[in-house]
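These are my notebook entries on a structure I was asked to examine. I set down what I looked up, in the order in which I looked it up.

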Amino acid sequence: MFSETVILRGHIIDSLILPKVLDQILTQGGDFKIGEIKIGQNRVDQSFARIEVSAPKHETLDDIVLRLRQHGAEVIEKADVQLAPAPADGVFPKDFYVTTNQQTFVTFNGAEIEVHPALMDCAVEIDRESRRATARKFHEVRRGMEIVVGHQGIKVVPVQRSTSHTDVFEFMSTNISLEKPKSGIIREMATELQRARAEGGKILVVAGPAVVHSGAVPHLVKLIEWDFVDLLFGGNALALHDIENALYGTSLGIDLKRGSLAERGHENQMRAINVIREAGSISRAVETGGLKTGIMAACVRKGVEFVLAGSIRDDGPLPEVITDTLEAQAAMREKLTGVTTALMMGTMLHSMAVANLLPARVKTLCVDMNPAAVSRLTERGSFQSLGLVSDLEPFLRELTNTIAP
Amino acid sequence: MRQLLLCPPDHYGIEYEINPWMSRARGADTPLVQAQWKGLFEKLSSLDCKIELIEPRPKLPDMVFTANAGLTVGRRFIPSNFRHEERAGEAPHFARWMEERGYEVVWLAKDLYFEGEGDALFGGDVLFCGYKFRSDINSHRAVADVLGCLVISVELVDPRFYHIDTCFCPLPDGGAFWFPAAFDEYGQRTIRDHLQDLIDVPEEEAVHFSCNAVVLGRDIVLPEGAPKLVATLQDRGYTCHPLPMSEFLKAGGACKCLTMFMPQRESVE
């Protein structure tokens, strides 16, 4: 939303100028917030109103403001952001403005520019020529880039909480709901996923290997096959345990059907890595028929994009795993465009990492059997997150039962 | 006794076009101009008022419309800041003339367009001010600051009725006659909120500038061409004096435009 602040003064109540101005804002497709209003006590006293006018498009706002000027509205000139050059590659100037994950606008040469992407813990770079404002991570900054410093000229637009009683986020926003009936919450989560799909939003799943350990692979595969997953983020372990399970029926050597250690089971993981490395990639292994079942195979068959980020304790890793953390972060960020809902399960580390990349408008559903993981995720400042403490297999079983077409 | 300011039409003519009535192709007939103005002067002189004359200046053809000289309340005179350059030259003459007669001249900020009594008429103790075509709404606030009275700002929406005195005429008993369609919906509502007994003038009479009338007690001097309005006003006990005004209508003016009250109100308490 673009906005301007205007002031109205005079006998604006008796002359019906205030209601006229407010009506005009609405009928022209804008919105308003009255920041301050002082109504004259006596008949001859003048009144005063400070109104923040907003509109979804810059042109709409300009049209509205032009009309309001005729009725005496004075526009408060906005101060520009202050800029300072980055002193060196990878270093922001002192006092750099630190972004949030909320929609943010900066005023530059008197006009508001939206900062893209809405990414937390960044600085804002202004490009004078293209008049673009970009959120930059440390490693992206280059010496001499013009970076916003201080707080002047910055407007943050928080995501509005839904006031609709049909919205699960309205009554349980940022609750981990340990004491609430799980089936109700799962039903709400299912509704949310259905809504996201119906509205054409992208659904991101972030999953840890616990999905495999807990025996929930068939359920997640169903979600993929039913088109409830557009994007999958995880680590080496998720893919590896899934592939080990697909090839040998074990996860970290444990026979998932019997729940006991398989003979020479500890070797299976290494053999699975080797199969994939030999094929060249997970996708290639699926295409050549070496890998037929499981989460990764379902993703490849359905064309679901995945990003696997590496970590220091990874075995292998599998060929698709990105071991450079900055590169992995960039790959995730690039694919996040269009994501409206994120389902994060059984991995605190990957979920936290992804959550830090998400704009606040993305709705997040967090499921973990560790209450601390759920609360850390839901309390990280997202305005629309819903948490559930649960083992993954029963959760995904019930979710797929609810969603089943 | 009311005191009025008039300006003889010696230099009057249609020399530019700053409203939909004006057309240089349709000039004023000079002998008729003189006769119509003399008719107004004589009619007003015969009523209970004293008339002052300001010397007309060459190249200021609209100076004849003294209502746009400014607004006088008590001994204070707020000169106009004309929107059109063509008329801006009138302001210093009027201001000097008023100053010489002992009025305190209070100028508004130069960037606030204000066209005097043409856009500012008292109805009861409320000053009704028109805006958009000529005066700026922000000038109304400045006028309210100077005078300390309630100013009701109403938007004019029909370019033919570009000043409030072309479509609205307050009456001494608290009512007014007006052409409602010249105002936007909010203006109509606020006028109705503040004045009772409003007489609506039909469009076919309003276009003769019937609302551009000089009210002196129970006498109303107005342009001819409004038999219905005249009948209504006479029913209410007013005496109407319709006058031919065709030559001034060519410039978008009539009886009231040719007259300024000195003062329009003695005080605003």
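Entry 1: strand β1 of chain A and its neighbours.
I began with Val6(A) and looked for the residue across from it in β4(A); that residue is Val75(A). I noted at once that the model is predicted. The strand β4(A) covers residues 74–75, and two bridges join this strand to β1(A) in an antiparallel arrangement.

I then looked to β3(A), where Val6(A) stands opposite Ile51(A). Glu4(A) also has a counterpart in β3(A), namely Val53(A). In total, nine bridges connect β1(A) with β3(A), which spans residues 47–55, and the two strands are antiparallel.

Next I followed β3(A) to β2(A). I found seven bridges between these two strands, again in the antiparallel sense. One of the paired residues is Asp31(A), whose bridge partner in β3(A) is Ser54(A).

I could now write down the sheet. It is an open sheet of four strands in chain A, with the order β2-β3-β1-β4 and antiparallel pairing. Its edge strands are β2 (31–38) and β4, each of which pairs on one side only. I added a general remark for my own use: strands of a sheet pair through backbone hydrogen bonds, either parallel or antiparallel.

Entry 2: the two faces of β1(A).
Which residues of β1(A) point to the buried face? I listed Phe2(A), Glu4(A), Val6(A), Leu8(A) and Gly10(A). Ser3(A), Thr5(A), Ile7(A) and Arg9(A) point to the other face and are not buried. The side chains therefore alternate along the strand, a residue counting as buried if 20 or more other C-beta atoms lie within 10 Å of its own.

Entry 3: Lys155(A).
I looked up Lys155(A), which belongs to strand β11 (residues 154–157) of chain A. Why is Lys155(A) called partly exposed? I counted 19 other C-beta atoms within 10 Å of this residue, and a buried residue needs 20 or more. Leaving aside residues up to four places away in sequence, Lys155(A) touches Ser3(A) and Phe105(A). I also recorded that the C-alpha atoms of Lys155(A) and Gln103(A) are 8.5 Å apart, although 52 residues separate them along the chain.

Entry 4: helix α10 of chain A.
I turned to α10(A), residues 295–302, and found Ile295(A), Met296(A), Ala297(A), Ala298(A) and Cys299(A) buried. What do the buried residues of this helix pack against? In chain A I found three helices, α6 (217–225), α7 (236–248) and α9 (282–287), together with the strands β13 (231–235) and β16 (305–309). Just after α10(A) comes Gly303(A), with a positive phi of about 70°.

Entry 5: a pair of helices.
I compared α12 (residues 348–355) with α13 (residues 371–378), both in chain A; their axes come within 10 Å and cross at roughly 5°. The two helices are therefore roughly parallel to each other. On the α12(A) side I listed Met348(A), Ser351(A), Met352(A) and Ala355(A), which meet Ala373(A), Arg376(A) and Leu377(A) in α13(A). By class, this contact has five nonpolar residues, one polar and one charged.

Entry 6: chain B and the contact between the chains.
I found eight helices and 15 strands in chain B. The chain has 269 residues, of which 52% are buried. Of its contacts with a separation of 6 or more, 66% are between residues 24 or more positions apart. The average pLDDT of chain B is 96, and 100% of its residues score at least 70.

How many residues does each chain give to the contact? I recorded 14 residues from chain A and 16 residues from chain B. On the side of chain A, β1 (2–10) and α1 (17–27) are the elements that give two or more residues. The residues on that side divide into three nonpolar, seven polar and four charged. I closed with the predictor's scores for the complex, an ipTM of 0.91 and a pTM of 0.65.

Conventions: Residues numbered from 1 in each chain as written. Chains lettered and ligands numbered in written order. Predicted model: local features only at pLDDT ≥ 70, side-chain atom pairs only at ≥ 80, totals over all residues. Contact = placed C-beta atoms within 7 Å. Nonpolar A, V, L, I, M, F, W, Y, C, P; charged D, E, K, R; others polar. pLDDT = per-residue confidence, 0-100. Buried ≥ 20, exposed ≤ 12 C-beta atoms within 10 Å, placed from the backbone. Pairing = 2+ DSSP bridges. Axes fitted to C-alpha atoms, helices over the stretch in contact; angles between N-to-C directions. Parallel < 35°, antiparallel > 145°, perpendicular 65-115°, else oblique.
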